[in-house]
Amino acid sequence: MRRALLAALLALALCLPASAAAAQKAPPKRIVALTPFAANTLVKLGVMPVGVGQTLGGNERLSPKVKGVPVLPLSHPNGPNLEQLASLDPDLVFSSRTWAKGNESMGDLGIRVLVQEPFRLNGAYAQTKVIGAIVNRRARAKALVASMKKSVAQARRGISAHPTVMLILGVGRTPFVFLPNSWGGDIVTKAGGRLLTGGVSSGSGFERISDEIVVAEDPDVIIAVPHANEDDIPSLTEYLRTNPAWSTTSAVRNGRIYISVDNSLLQAGTDVARTIRKVRRVYLEN
Amino acid sequence: MARRTLVFAGLLAALALAVVASLALGAVKVPFAEVIEIVFGKGGSGPNQQIIETLRLPRTAEAMVVGAALGIAGAILQGALGNPLASPDVIGVTGGAGFGAILIIILFPGSIALLPLGALFFGLLAAALVFAVAWSGHNRGSTGKVILAGIAILSLFTAGTTGLLAAYPERAPSAIFFIAGGLTSSGWDELGTIWPYFAAGFVCAALLIRPLDRLALGDDVAASLGSRPHLIRLGAAIAAALLAAASAAIAGLLGFLGLVVPHVVRMAGGTSSNTFVVPASALGGAALLAAGDTLARTLRAPIEMPVGPFMVLLGVPLFLWLLRKVV
């Protein structure tokens, strides 16, 4: 009897870790994706999120397949309204470091939060695989990454010129430049542009640099990402064109000042190849 | 008298040094001899000429004008209200200008060229509201009423600014530099648009120097000498509003300068006479802002930082040293 009990306990002890591991590996069923990158990646992997975050600058970058999925408004630095989020009863939230304060609060509610917003193209590949592993769609994630790499390579084919590009964030006379470790900076570099950075680096991926450097490094192209609407493009272009500090740059003299009002250069997405093609065709002409 | 002369000479020397540093230093190294040649129109070409003529010269001029304006605004407000804590914040100008600028940045980014005028308009509107409240009803024009009305209007506009920033968080980065205070390299455009407001403010302030000295004797004594205390106070507040709103339109929110510089020159000169304090505050403010802006541009060059923290860094140690020594 004692031996039988001991054997039963031993069997139970052996089974417990396996069942616990199985429980841990069970893919989350109710996922909220606060970034367009996570939302679109999930959809491409065949997983429909139960909620998506509002996209900065409009929702046109979200996959049409998430139409009908509740969209959560986001505010800085808290992210979504916690009551709205809790009402969706998520197992997992894919968030961004932009909502750092909100991520802590979500954790306090017992919601598992993973920060998945790449700031470089290589990060997008790696994080696609991470998301695939989490939702137990590894093979599809691997195939998706391979497809992304192939289409990016096609989009980069035949780059004929490498103009110096000043990519700026915001409006006003104190704009911040995108650095190579920002999404937009990496996309422009992949599209063949040479980013004007003044040699600075910053963990945030953005920095305010001196106009003296702009004059000295003489950008061929200026692209502004101003958080504005389509209607504002002509007036913003004129405003930048008439900035006395930049009047002697090649970009101003040759009329190569562009305003990007969608957020394809601001936030990571899965439409990388399309964005690179657009940057080459519209802005860099290479 | 010798002490005042010495302080005045010291301030002039500090201003000269700050101006030379502002013209000679920047993110791009330009040989000093070439800077001199370009400034005096005797040579220079290419990017270096563009950097000195279009970027550094107007920026140095803006630093001098804005610094002088804020120094004078603080000096005449402290004199008129008889309150050492008075500054352009107290009459609501800073709050109003901040709201006007953020309104354009956040809601009307396509009209960003109107930012200086937006800041100027709302800065003056805020001051007008303060005057309307403070110069009506009982105790009209009293110091307490002006200060309380100013605090209320300041809170109103600050709430509006905070609300806009919270409603459009993704647009907030563009507003950071304005809120933190800083000069930009906009050539002569902004100064060219705003100068009449500076000129009106400077003229009003100059005309008020002697009346303010009479007001310092007390309302009753000033009245017995033929002055009209309420009118002097209103004139000083209008001049300060013009100077502070015009400053905010160009350099954002730099409240610290208007508060501290008049105290520093008062303590250094050992007198509260406005004949000395007002012009000395102009020199001190101009020197402090020109020096602070040079530091903000060069310390982490080519990264540019807001000038506000640098002015605090330069001004506070001097202020605390004088406070310990004199008071």
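This section describes a predicted model of two chains, A and B, moving from confidence and overall architecture to the contact between the chains and then to individual elements and residues.

The model as a whole scores ipTM 0.80 and pTM 0.82. For chain B the mean pLDDT is 89, with 99% of its residues reaching 70 or more. Where pLDDT is low, predicted coordinates should not be read in detail.

The secondary structure of chain A comprises eleven helices and 13 strands, whereas that of chain B comes to 13 helices and zero strands, so that, by the DSSP runs on which these elements rest, the order in chain B from the N terminus on is α-α-α-α-α-α-α-α-α-α-α-α-α. In chain A, 47% of the 286 residues count as buried, and in chain B the corresponding figure is 54% of 327 residues. When contacts between residues at least 6 apart in sequence are considered, 61% of those in chain A join residues at least 24 apart, and in chain B 76% of such contacts do so. The C-alpha trace of chain B spans about 65 × 55 × 35 Å along its principal axes. The radius of gyration of chain B is 20 Å, which agrees with the value near 20 Å that a compact globule of 327 residues would have.

The contact between the two chains draws 32 residues from chain A and 34 residues from chain B. On the side of chain A that touches chain B, α8 (211–217) and α9 (233–241) each supply at least two residues, and the largest share, five residues, comes from α8(A). In terms of residue character, this side of chain A divides into 15 nonpolar, ten polar and seven charged residues.

Within chain A, helix α6 (residues 138–156) was examined in detail. This helix has 19 residues and reaches 27 Å from its first C-alpha to its last, close to the 27 Å expected at 1.5 Å a residue. Its buried residues are Ala141(A), Leu144(A), Met148(A), Val152(A) and Ala155(A). Because the buried residues of α6(A) fall within an arc of 70° when seen down the helix axis, they line one face of the helix. The face turned away from this buried side carries the exposed residues Ala139(A), Ala146(A), Ser147(A), Lys150(A), Ala153(A) and Gln154(A). What covers the buried residues of α6(A) includes three other helices of chain A, namely α2 (36–44), α5 (121–134) and α11 (272–284).

The backbone on either side of α6(A) also deserves description. In the loop between α5 and α6 of chain A is found Asn136(A), a residue other than glycine whose phi is nevertheless positive, near 60°. Asn136(A) is classed as partly exposed, because 15 other C-beta atoms lie within 10 Å, a count between the limit of 12 or fewer for exposed residues and that of 20 or more for buried ones. After α6(A) comes Gly158(A), which has a positive phi near 75°.

Comparable backbone details were found in chain B. Asn139(B), although not a glycine, has a positive phi of about 50°, and is located in the loop between α5 (115–134) and α6 (143–167) of that chain. With 9 C-beta neighbours inside 10 Å, Asn139(B) counts as exposed. A cis peptide bond, with omega of about 10°, joins Ala301(B) and Pro302(B), and Pro302(B) lies in the loop between α12 (274–298) and α13 (308–326) of chain B. For context, most residues other than glycine have a negative phi, and most peptide bonds are trans.

Finally, Arg266(B) is placed in helix α11 (residues 255–269) of chain B. This arginine is buried, because 23 other C-beta atoms lie within 10 Å and the class begins at 20. When residues up to four places away in sequence are not counted, Arg266(B) touches Ser272(B) and Val277(B). Arg266(B) and Ala75(B), although 191 residues apart in sequence, are 9.4 Å apart in space from C-alpha to C-alpha.

Methods: Residues numbered from 1 in each chain as written. Chains lettered and ligands numbered in written order. Predicted model: local features only at pLDDT ≥ 70, side-chain atom pairs only at ≥ 80, totals over all residues. Contact = placed C-beta atoms within 7 Å. Helix = DSSP H or I, 4+ residues; strand = E, 2+ residues; numbered from the N terminus. Nonpolar A, V, L, I, M, F, W, Y, C, P; charged D, E, K, R; others polar. Rg over C-alpha atoms; globule rule 2.2 N^0.38 Å. Expected span 1.5 Å × (residues − 1). Arc of directions from axis to C-beta. pLDDT = per-residue confidence, 0-100.
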